[in-house]
Amino acid sequence: MKIALGLGCDRGTPAATLAQAVDEALAQAGATLADVVAVASIDLKVDEAGMRELAAQHRWRVCYYSAAQLAAVPVPNPSEVVRQYTGTPSVSEAAALLAAGQGGAPAPVAALRVEKHKLRGPDGKNATVSIAEIPETTVEKPVFDSNFGDLPSGPIFGDAEQQALQRIMAARRDMRHFTPGAALDPAVLAALLQAAHQGPSVGLMQPWRLIHVRDDALRVQIAQLVDRERQATAQALEQAEGRGQPFLALKVEGIREAAALLAVVQAPDDGTLFGRRTLPREMALLSTGCAMQNLWLAARAHNLGLGWVSLIEPEPLAALLHLPEGAQPLGLLCIGPVPAFYAAPMLAQVSWRTPRPLHELCFDNRWGQELPIGG
Ligand SMILES: Cc1cc2nc3c(=O)[nH]c(=O)nc-3n(C[C@H](O)[C@H](O)[C@H](O)COP(=O)(O)O)c2cc1C
C-alpha cells in the first residue's frame with residue numbers, strides 16, 4: 001500500500017506529539033512508515049518547528065498547499081473552527097487527498113483510510129493526521145541512471161544513439177503535474193546540473209545561474225508570487241482575448257508539488273564581446289536557454305518531468321532570492337517524478353493552441369518560400 005499523510009497541528013506542537021499521532025494513524029490504517037510516499041500540509045505550517053523536525057527525521061519532503069487549494073477539496077469532516085483559523089475548513093483531510101491525487105486533482109474521498117485522527121499531547125497541543133491511499137498507477141518510480149559515461153572524442157554515435165536522442169526529444173514535455181511529496185535523488189540532480197553545464201554559450205560566456213530553492217518557506221513565498229501573477233495573467237487574457245476563465249482552468253505550474261525547484265537567473269553581464277557586438281542581450285539570453293534545454297532533455301532521459309514557469313514578477317522574485325544588481329530571474333524549473341507524461345504538449349491537448357507544422361517554420365533561401373523537407 002502507498003499512502004499520503006495529511007498533517008495539521010496547533011502552533012508549537014512538539015515533534016513527539018506529531019510522531020505519536022502519525023504512529024497511531026498508521027496503525028489504524030494497517031500501514032507502516034515504509035508505506036508513506038507523500039506528506040502534505042497547509043503553507044501556514046511551513047515554519048512549524050515540530051513538523052519540520054519530524055519531516056527531517058524521516059527525510060520527507062512536505063508539500064505545502066495554500067488555504068484556497070485545500071478549501072476546494074471535498075472532505076468528510078469540514079470544520080468551521082479550522083476555517084476561522086486557517087481559511088480552509090479542512091487541513092489534514094484535504095492535504096492527504098491532494099497529495100494522493102492525480103494530475104493536480106484530489107483523490108476521491110473514498111481514498112481516505114483514516115479520516116481525521118486527532119491526538120492531544122501532554123502539553124495540550126493537538127495534532128491531526130489523515131491518511132489517503134494512493135492508487136498504485138500514480139506511484140511512478142523514476143529510473144535513475146546518472147552515469148553519462150566518459151565520452152571519447154570523435155564520431156562515435158550510431159543509429160541507436162540517434163534514435164534514442166530523437167525519442168527523448170519527442171517525449172520531452174513541459175510538465176505541470178507532479179507526484180506530490182516525491183524526492184529527487186541528489187546524484188540525479190547533479191547529473192541534470194552537469195547537463196546544463198555542457199550547454200553552448202556565446203563566447204563561452206556561461207551567463208546563466210541556477211538557484212536550488214531548498215527552503216520550504218521560500219518555496220511557499222515563490223508559489224504565492226506565481227499565484228498572484230496567474231491571476232494578473234488571467235485578467236490580461238480576459239481583456240485581450242476574453243479567455244481569462246479558460247486560462248484559470250489550466251494547470252500552469254507545479255511549484256508546490258514538484259520534488260525540486262530551481263530558479264533560472266541571468267547573471268549580471270560580464271561584458272563578453274565575442275559574438276555579441278550586435279545583439280548582446282539576445283545572445284546572452286539565448287545561451288541561458290540552450291543550457292536549460294540541455295537540462296530539460298536530461299531530465300526526460302531520467303524519466304523526470306520538468307516544467308518551466310515564467311508566470312512571475314521578476315522584481316519580488318529577485319528580492320526573495322537576494323539577487324545582485326544586474327541579475328535577472330528568467331523563470332522557475334519544477335523538476336520531479338510525475339504520475340505520467342503528457343502524450344502531446346498540454347496546451348495542444350486542451351485545445352488552447354494548435355502547434356504549427358514544421359513546414360510552416362522552415363523556408364528555402366528567402367522568407368516565405370517553402371523548403372522541401374526530407375527531399
Ligand atoms: C521560456 C518558457 C517559459 C514557459 N513558461 C510556462 C509557464 O509559465 N507555464 C506553463 O504552463 N508553461 C510554460 N512553458 C511551457 C510551454 O507552454 C510549452 O513548452 C509549450 O506549450 C510546448 O509544450 P511542450 O514543452 O510539452 O512541448 C514555458 C516554456 C518556455 C520555453
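What percentage of the 375 residues in the protein is buried? In this predicted model, buried residues account for 37% of them. The fold is built from twelve helices and nine strands. Its radius of gyration comes out at 23 Å, close to the 21 Å that the globule rule gives for 375 residues, so the protein is as compact as a globular protein of that length. Laid along the principal axes, the C-alpha trace spans about 75 × 50 × 40 Å. As for how the chain meets itself, take the contacts between residues at least 6 apart in sequence: 75% of these join residues at least 24 apart.

Now for the ligand. The residues around it are Arg-173, Asp-174, Arg-176, Val-252, Glu-253, Trp-308, Val-309, Ser-310, Leu-311, Gly-331, Pro-345 and Leu-347. Sorted by character, this shell splits into six nonpolar, four charged and two polar residues.

Helix H7 is worth a look of its own. It runs over residues 186-197, twelve in number, and its first and last C-alpha atoms are 16 Å apart, close to the 16 Å expected at 1.5 Å a residue. Val-188, Ala-191, Leu-192, Ala-195 and Ala-196 are its buried members. These residues cover an arc of only 145° around the axis, which puts them on the same side of H7. Strand E6 (208-212) and helix H10 (280-301) are among the elements covering them. Turn to the face directed away from that buried side, and the exposed residues Pro-186, Ala-187 and Ala-190 show up.

The loops hold a couple of backbone oddities. Most residues other than glycine have a negative phi. Gln-206, in the loop between H7 and E6, has a positive phi instead, near 45°. This residue is partly exposed, because 19 other C-beta atoms lie within 10 Å, and the cut-off for a buried residue is 20 or more. Asn-303 sits in the loop between H10 and strand E8 (305-309), and its phi is positive too, near 60°. With 17 C-beta neighbours inside 10 Å, Asn-303 also counts as partly exposed.

At the other flank of H10 there is Leu-279, in the loop that links strand E7 (260-266) to H10. Leu-279 is exposed, since it has 12 other C-beta atoms within 10 Å, and a residue counts as exposed at 12 or fewer. From Leu-279 to Gly-336 the C-alpha to C-alpha distance is 35 Å, with their positions 57 residues apart in sequence.

Notes: Residues are numbered from 1 along each chain as its sequence is written. This is a predicted model: local features need pLDDT of at least 70, side-chain atom pairs count only at pLDDT 80 or more; totals for chains, interfaces and linings use all residues. A residue is near a molecule or strand if its C-beta atom, placed from the backbone, lies within 6 Å of it. Ala, Val, Leu, Ile, Met, Phe, Trp, Tyr, Cys and Pro count as nonpolar, Asp, Glu, Lys and Arg as charged, and the others, Gly among them, as polar. Helices (H or I, at least four residues) and strands (E, at least two) are DSSP runs, numbered from the N terminus. The expected span of a helix is 1.5 Å times one less than its number of residues. The arc is that of the directions from the helix axis to the C-beta atoms. Two residues are in contact if their C-beta atoms, placed from the backbone, lie within 7 Å. The radius of gyration is taken over C-alpha atoms; the globule rule is 2.2 Å times the number of residues to the power 0.38.
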